[in-house]
Amino acid sequence: MIGPVLRLCISAVLCAAALALASGLAPESARDPARYVDLAPTSGLTARTVIGGERAKEYILETTGGGVAVFDHDDDGWLDIFLVNGSRLSGFAEAAPPTSRLYRNRHDGSFADVTERAGLVRQGWGQGACVGDYDNDGHPDLFVTYYGQNVLYRNQGDGTFADVTRKSGLLTPEDRWNTGCAFLDYDRDGHLDLFVSAYTAYEDATRYKPGEGKSCTWKGLTVMCGPRGLRGAKNALFRGNGDGTFTDVSARAGILDPPPSYGFTPLVLDYDNDGWPDVYVANDSAASLLFHNNHDGTFKEVGLLAGAGLTADGRAQAGMGVSAADYDRDGRLDVVKTNFDDDTSTLYRNLGNGIFEDATFPSGLGLNNRYLGWGVGFLDFDLDGWPDIFIVNGHVYPEADRAGSRYSYEQPRLLYRNRGDGRFEDVSLRAGPGILARKNSRGAAFGDLFNTGRLDVVVNNMNDAPSLLHDCTARSEHALLLRLLGTRSNRSAIGARVTVQLGKRRLIDEVRSGGSFCSQNDLRLHFGLGASASADRVEVDWPSGGKDVVSGLGADQVVVLREGAGVVGAEAFKAFVPGACGSEIPSHAAMVAASSGSVASLGGPVSAPEASGRMVRTSSTPSARSR
Ligand SMILES: [Ca+2]
Ligand SMILES: [Ca+2]
Ligand SMILES: [Ca+2]
Ligand SMILES: [Ca+2]
């Protein structure tokens, strides 16, 4: 069979398609858009996350949490996984109480539980996590939010962490129900600051028994109360002082100005392209907030003014998770937010001039209104340069299983393909068993766990083991993964804006801490380049005001860019194909090789001049970035 097939190979692309046919795969046109499989059971990600009761939730406290962070804790170039764990009101008489877990990436598709060795064993009602190198020592640090007191873990550079919460000044005078967090450098002084959201007043988390309060029924069923009828909470901003300590500047920075609400996840983005990071906060059962950075250490909340607080018809929604990308490639970051059931997720299209429009229905996201969404991310799963959308779901009420066939406690995931014309296509039913699986999910983190040029998704599931979703689809399209190292800017380069130029196409993204639902994505930026084997130009606008430009950057590699120095390292994407994908699936590297005819550059470090690109210009003017 192979012989005649090879004789038909009149072009590389036809050849790849013919080989796919010969190996039993469907031809390109009829192929499923993706095939996500769950690698967690076979990769060692087996510890359960415990959040409240299994089949009954007495209090709203039992329904939140479950953040995930993917970050390279030991600086070996491979992402590791931190899964936030919760607790249970009835206690743990027989079993040991659960702890959040750190899994070290073994580079072979498996993970080792290093929680104990890393010094991260801790009990309590963990909620979310975010990552940033707050002390600029080159080792990414971990912040974990709790119902109670948050914890700042300083990465000691030897695989272990030290709890420096008290020393850093991040203990709060009273216990809070902290939820999402994000490091950012809002005053652009090179020292990371920290934004923390909170859900309800601390005492209200367990104030009313089901049926006792104001908002304790749903579909005629008695359920846990809230958040309506409970007292809300305010967000907090801590300024990094540059000496490892933080000062609570919430009041003077204007963060306390909006009334208390039910905050879940902060999303840091420069929505108006003025070079200063702004903060969007997904609020539950209330208008979402948008804190515009005034460039003077203060913020002004403009959510309603900007059209990003409510729906097009003026409704407040139950905001849970949130993500940003320029899905329509007009050079402005747009926002997607997950919400409750009997409602849709919301897509806010950035029109410029500080204004968003609710594009949910015109974009095709209004199709699904039966799921309760949490973790969400724009990711370009098919590498065509158009950011797609991935959402994980799960109900807050176990009673949903008794509310009629439309509702369920465990729910499937959703995958929307960006068609490139402003519309999304729901491809969930043709995207593999990892998408169809029904779970009660909360946090989701997006990152290239195996350095293959593709983004994987780690999902924290309630009272269940996590999921690690990997797309097995063979693709010949190209991609770039950029790791940024700040020098004058904060070391994690959080807030850096990258523009990738491909002919007339311009792709943008920013290095971001926090987001999704109370989670942390890969700090490296992933760009799908489609058929382009290189990027014409890559521009980095650093938070310091400096700018680096690299031209002719070869695709299909992880490139390290240092502020003021340009490309300082590059490594070709790996050819890792998990066993769960089946042996007939060629790796991305093999597909690229088949379509380009070049095998030589794959598999090892790439030779410097051609693959690393050429540094064109570095300017280090300390003025505001011009865009
Ligand atoms: Ca550090
Ligand atoms: Ca700062
Ligand atoms: Ca846009
Ligand atoms: Ca895409």
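These are my notebook entries on a predicted model of a protein chain.

**Entry 1: overall make-up**

I began with the chain as a whole, which has 627 residues, 57% of them counting as buried. I then listed the secondary structure and found nine helices and 39 strands in the protein chain. For the contacts with a separation of 6 or more, I looked up how far apart the partners lie in sequence, and 61% of these contacts are between residues 24 or more positions apart.

**Entry 2: nonpolar cores**

I looked next for the largest nonpolar core, which has 160 residues, and I noted Ala 69 and Leu 480 as the residues with the most contacts inside it. Taking Leu 480 and leaving aside its neighbours within four places in sequence, I recorded contacts with Val 500, Phe 527, Leu 529, Ala 535, Leu 553, Ala 555 and Val 559. Apart from the largest core lies another one, of eight residues, and among them I noted Phe 573, Ala 589, Met 591 and Ala 594.

**Entry 3: the sheet that begins with β2**

I traced an open sheet of four strands, in the order β2-β3-β4-β5, and the pairing is antiparallel. Strands β2 and β5 (111-113) stand at the edges with a single partner strand each, so one side of each has no neighbour in the sheet. From one strand to the next, the twist averages 20°. Looking inside the sheet, I found three bridges joining β3 to β4 (residues 101-105), two strands that run antiparallel, and I noted Tyr 103 in β4 as the bridge partner of Ile 81.

**Entry 4: strand β30 and its partners**

I wanted to know how far β30 (residues 467-471) is covered, and five of its five residues are buried, so the strand is largely enclosed by the rest of the structure. Checking the two faces separately, I found Ser 467, Leu 469 and Asp 471 buried on one side, and Leu 468 and His 470 buried on the other.

I then looked up the pairing of β30 with β1 (residues 36-38), where three bridges join the strands and the run is antiparallel; here Asp 38 has Leu 469 as its bridge partner in β30. Strand β29 (residues 456-461) is likewise joined to β30 by three bridges, and these strands also run antiparallel. In that pairing I recorded Ser 467 of β30 as the bridge partner of Val 459. The hairpin of β29 and β30 has five residues between the strands, and there I noted Asn 463 with a positive phi near 50°.

**Entry 5: backbone details in loops**

I looked up two further residues with positive phi. Asp 75, a residue other than glycine, has a phi near 55°, and I placed it in the loop between β2 (68-71) and β3 (80-83). Is Asp 75 buried or exposed? I counted 12 C-beta neighbours inside 10 Å, and because a residue with 12 or fewer is exposed, Asp 75 counts as exposed.

Cys 518, which is not a glycine either, has a positive phi of about 50°, and I found Cys 518 in the loop between β33 (505-510) and β34 (525-530). With 37 other C-beta atoms within 10 Å, Cys 518 is buried.

My last check was on peptide bonds, where I noted a cis bond joining Gly 226 and Pro 227, with omega about 0°. I placed Pro 227 in the loop between β13 (221-222) and β14 (236-240).

Terms used. Residues are numbered from 1 along each chain as its sequence is written. Chains are lettered from A and ligands numbered from 1 in the order in which they are written. This is a predicted model: local features need pLDDT of at least 70, side-chain atom pairs count only at pLDDT 80 or more; totals for chains, interfaces and linings use all residues. A nonpolar core is a set of buried Ala, Val, Leu, Ile, Met, Phe, Trp, Tyr and Cys residues joined through C-beta atoms within 7 Å. A residue is buried if 20 or more other C-beta atoms lie within 10 Å of its own, exposed if 12 or fewer, and partly exposed in between; C-beta atoms are placed from the backbone. Two residues are in contact if their C-beta atoms, placed from the backbone, lie within 7 Å. Two strands pair if DSSP finds at least two bridges between them. Axes are lines fitted to C-alpha atoms, for helices over the stretch in contact, and angles run from 0 to 180 degrees between N-to-C directions.
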